[in-house]
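Student: Please take a close look at the inside of this one for me. I'd like to know what any cavity is lined with, and what the parts around it are up to.

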Amino acid sequence: MTLTRFQKKNFRKNWKKLRFFARVTPEHKLRIIKAYKARGEIIAMTGDGVNDAPSLVAADLGVAMGKIGTEVAKEASDIVLLDDNFRSIVYGVEEGRGIYKTIKKVILYLFSTNAGEVFTIAGALFIGFPLPILPSQIIWLNFVTDGFLDVALAMDPKEKGLLSGSFKRPKKYLIDRLMAYRIFLTATTMAIGTLWLFSKYYRTDIAKAWTISLAVLAVFQWFNAWNCRSESKSIFAETRSQTNYSSERPPS
């Protein structure tokens, strides 16, 4: 069944007010998806039949049923629900957002700590100090200290509120303005603190000054790992706890 001229005009006039569509044909589904996409919305489409294939391809995210769905629908979709349970979509979205947040935390930690080391060396050369940290010490910080803290951040439990409206949609770039500001602020603090303590000892005992610089940078990195766990909470606050679910996952 095709849409008449009156139906097309009525649909274009009132579709923004509609919330439910019933007894729609494959052509209707496709028109609805295109109308929402033209408004800038992100569309997810679920289907199990051959007639759902055009809509599954046109949507931003096509979801097919794994048990009762046809092979055509599975091939046309982006996600296949093996258990045919729509709750699995919610768990998948939460898991994806958790992975996205974890990647941002690790990137923030690595960039800020390495920038701190660069600022420390560059600041010493600019002021006229001797080299405040040796190459072997830099290797130790990057492979040992950073290595364990990276794993700790990667294994951190998921944050609360990943499915709430306060979650910010992923942007084109992983490093946003807030991350760049935090990287610069953290790196500057690390450099100033390290150079201040280094300046008190390098004239009398350079070996002791190198040791202090290594220890100070390592301690800064420990606190920075706690700091990277949250975008809005202090390291002295409880940033998150293990996510508790009121119901168990559906059986696979």
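Tutor: Let's get one term straight: a residue is buried under 20% relative accessible area, exposed over 50%, and partly exposed in between, using a 1.4 Å probe and protein chains only. This is a predicted model, in which local features need pLDDT of at least 70 and side-chain atom pairs count only at pLDDT 80 or more, while totals for chains, interfaces and linings use all residues. Residues are numbered from 1 along each chain as its sequence is written, and side-chain values use heavy atoms, with hydrogens and water left out.

By that cut-off, 37% of the chain's 252 residues are buried. The chain has eight helices and three strands, taken as DSSP runs numbered from the N terminus (H or I, at least four residues, for a helix; E, at least two, for a strand). Their order along the sequence is α-α-β-α-β-α-β-α-α-α-α. Contact here means heavy atoms within 4.5 Å; of the contacts between residues at least 6 apart in sequence, 60% join residues at least 24 apart.

Now for the cavity you asked about. A cavity is a set of points on a 1 Å grid over the protein atoms alone where a 1.4 Å probe fits but cannot get out, and its lining residues have an atom within 4 Å of a point. Searching the whole structure turns up one cavity of 30 Å³ or more. The largest cavity holds about 60 Å³, where volume is the space filled by probe spheres set on the grid points, and points are joined across faces, edges and corners.

What lines it? Lys101, Lys104, Lys105, Leu108, Glu159, Met179, Arg182, Cys228, Arg229, Ser230 and Glu231 do. If you sort that lining by type, you get seven charged, three nonpolar and one polar residue. The sorting counts Asp, Glu, Lys and Arg as charged, Ala, Val, Leu, Ile, Met, Phe, Trp, Tyr, Cys and Pro as nonpolar, and the others, Gly among them, as polar. Helices α5 (87-127) and α7 (177-199) each supply at least two lining residues, and α5 gives the most, with four.

Those two helices come up again at α8. What covers the buried residues of α8 includes α5, α6 (135-154) and α7. The buried set in α8 is Ala209, Ile212, Ser213, Val216, Leu217, Ala218, Gln221, Asn224 and Ala225. With 22 residues, α8 reaches 31 Å from its first C-alpha to its last, close to the 32 Å expected; that expectation is 1.5 Å times one less than the number of residues. Take Ser213, which sits in α8 (residues 206-227). Ser213 is buried because its relative accessibility is 1%. Not counting residues up to four places away in sequence, Ser213 touches Pro132, Thr194 and Phe198.

For comparison, have a look at α2. Helix α2 (residues 26-38) has 13 residues, so at 1.5 Å a residue it should span 18 Å, and its end C-alpha atoms are indeed 18 Å apart. In α2, His28, Lys29, Ile32, Ile33, Ala35 and Tyr36 are buried. They cover an arc of only 160° around the axis, which puts them on the same side of α2; the arc is that of the directions from the helix axis to the C-beta atoms. An α-helix has 3.6 residues a turn, so residues three or four places apart point the same way. The face of α2 turned away from that buried side carries the exposed Lys34 and Ala38. Just after α2, Gly40 takes a positive phi of about 95°.

The strands are worth a quick visit too. Val63, in β2 (residues 61-65), counts as buried because its relative accessible area is 2%. Beyond four places in sequence, the contacts of Val63 are Met45, Thr46, Gly47, Leu56, Ser77, Ile79, Leu81 and Ile89. Ile79, in β3, is partly exposed at 37% relative accessibility. Apart from neighbours within four places in sequence, Ile79 is in contact with Leu61, Gly62, Val63 and Ala64. In the loop between β3 (79-81) and α5 you'll find Asp84, whose phi is near 55°, a positive value in a residue other than glycine.

Note on methods:
On a 1 Å grid over the protein atoms alone, a cavity is a set of points where a 1.4 Å probe fits but cannot get out, and a pocket is an open set with protein on both sides within 12 Å along at least five of seven lines; lining residues have an atom within 4 Å of a point.
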